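Visitor: I'd like a friendly walk through this one. Could you show it to me and start with the terms we need?

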Amino acid sequence: MAKYIFKRILQAIPLLLVISFIVFTLIHLAPFDMVDSITTPNMDQEQIDFMRHQYGLDQPFLVQYFLWLRNLLTGNFGNSLNGQSILAALSERIPNTVSLVLPAYLTSLVLAIVLGLLAASQRGKWLDRLIDGIASVGIAIPAFWFGIVLMTVFSRQLGWFPVMGMHTLGRENDFGDFLSHFILPYLTLISAFMPELLRFVRSSAIVEIDKDYVTVQEAFQAKRPSIFFKHVSRNVLIPIVTQIGLALPMLVTGALITENVFNWPGVGTYLREATSRLDYPVIMAVMLMSATLVILGNLLSDVLYSIVDPRIGKGEN
């Protein structure tokens, strides 16, 4: 298995380099650059040329790319246009995003497993149709719309929860205050994550129910709940493990819309602010981080799957 994991890591390295080149190229092809976003009408061409030289924008494309890549490999993400360290800003905002997304995703996963297995065990009956209907409605409803509805009803009309933000000013260390800000975006993310996970668990369980080992258990007169929760659920959990790996990127970039709806100070609001002011260093850093997490998520998924099913790792040796 160690050889398999090492091989997968080696395969990920050139892919990361390719993605970094694509990200840099896409930003380079944009009609404006970072200097265009900070120039003013009273600046002369000499000042503009000096700023381009200062940011290295007068260098050839490949030189710019390799300088940027060298900085990344040394842990230097550069500075945003307002002079703030991008790495410091991300280090501050990523924990805020994780503190919101991780509980919401884990809650969604648990609910999806329970409801999905319950729906599959009652396939074709009213309970299955009800749960599947809830999942269909959840998939159809945009997360931002659901968040706005929650905010309108529970914040503006009933006044039960704060409207926006992560803390009330001056109460940054108050957990109760954090919780009151947390509940509405947390529920919004559950509405976004759970329906697709529920559908996945339900369909996986239905596939398992139709397999021969279930028929054999029924022939030996095993009780349906026992068959389902001792055998079917175990086999359903194997593909769910891969979903946990694939969820890694969502821990950082999975709440972009929800964070902006509730003005949660995470990566989503940071990216939106950077986009509005054409802060290309920040945009490139977040895009590359997101792409890297996708690759790492797939790698983690493969590793977890090789652990739960060792035949995969042996097949790669």
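Guide: Gladly! Buried means under 20% relative accessible area, exposed means over 50%, and partly exposed covers what lies in between. Do keep in mind that this is a predicted model.

Visitor: Is isoleucine 9 buried, exposed or partly exposed?
Guide: Isoleucine 9 lies in helix 1. Its relative accessible area is 38%. Buried needs under 20% and exposed over 50%, so isoleucine 9 counts as partly exposed.

Visitor: Which residues make the nonpolar surface patch of about 450 Å²?
Guide: Isoleucine 9 is one of them. The whole patch is made by Phe6, Ile9, Leu10, Ile13 and Leu17.

Visitor: And which residues gather in a patch of negative charge on the surface?
Guide: One of them is aspartate 49, whose place is in helix 3 (residues 45–54). Aspartate 49 is partly exposed, at 39% relative accessible area. The patch brings together Asp44, Glu46, Asp49 and Asp58.

Visitor: How are the rings of phenylalanine 21 and tyrosine 65 arranged as an aromatic pair?
Guide: There are 14 aromatic pairs in the structure. In this one the centres are 5.2 Å apart and the planes make 90 degrees. Planes over 60 degrees apart count as edge-to-face, so the pair of phenylalanine 21 and tyrosine 65 is edge-to-face.

Visitor: How many residues apart are phenylalanine 21 and tyrosine 65?
Guide: Phenylalanine 21 sits in helix 1 (residues 2–28), and tyrosine 65 in helix 4 (residues 61–73). The pair therefore links distant parts of the chain, 44 residues apart.

Visitor: Which arrangement do tyrosine 65 and tryptophan 68 form?
Guide: Both lie in helix 4, three residues apart, and both are buried. Their centres are 6.4 Å apart, with 50 degrees between the planes. Stacked needs under 30 degrees and edge-to-face over 60, so this pair is tilted.

Visitor: How many residues apart in sequence are the parts tied together by glutamate 273 and arginine 93?
Guide: Their side chains meet in a salt bridge at 3.7 Å, N to O. Glutamate 273 is partly exposed at 28%, whereas arginine 93 is buried at 16%. Glutamate 273 lies in helix 13 (residues 267–276) and arginine 93 in helix 5 (residues 86–121), so the pair ties together parts that are 180 residues apart.

Visitor: Which residue does aspartate 128 meet in a salt bridge?
Guide: Aspartate 128 is buried, at 4% relative accessibility. Its partner is also buried, with a relative accessible area of 17%. The N to O distance is 2.7 Å, and the partner is arginine 202.

Key
Residues are numbered from 1 along each chain as its sequence is written. This is a predicted model: local features need pLDDT of at least 70, side-chain atom pairs count only at pLDDT 80 or more; totals for chains, interfaces and linings use all residues. Side-chain values use heavy atoms; hydrogens and water are left out. Patches are made of residues with over 30% relative accessible area and no salt bridge: like charges are joined within 9 Å, nonpolar side chains (Val, Leu, Ile, Met, Phe, Trp, Tyr) within 5 Å. Accessible areas come from the Shrake-Rupley method with a 1.4 Å probe; for residues, only the protein chains shown count as cover. A salt bridge is a side-chain nitrogen of Lys or Arg within 4 Å of a carboxyl oxygen of Asp or Glu. Lys and Arg count as positive and Asp and Glu as negative; His and the chain ends are not counted. The place of a charge is taken as NZ of Lys, CZ of Arg, CG of Asp or CD of Glu. Helices (H or I, at least four residues) and strands (E, at least two) are DSSP runs, numbered from the N terminus. Buried means under 20% relative accessible area, exposed over 50%, partly exposed in between (1.4 Å probe, protein chains only). Rings of Phe, Tyr and Trp (its six-membered ring) pair if their centres lie within 6.5 Å; planes under 30 degrees apart count as stacked, over 60 as edge-to-face and the rest as tilted.
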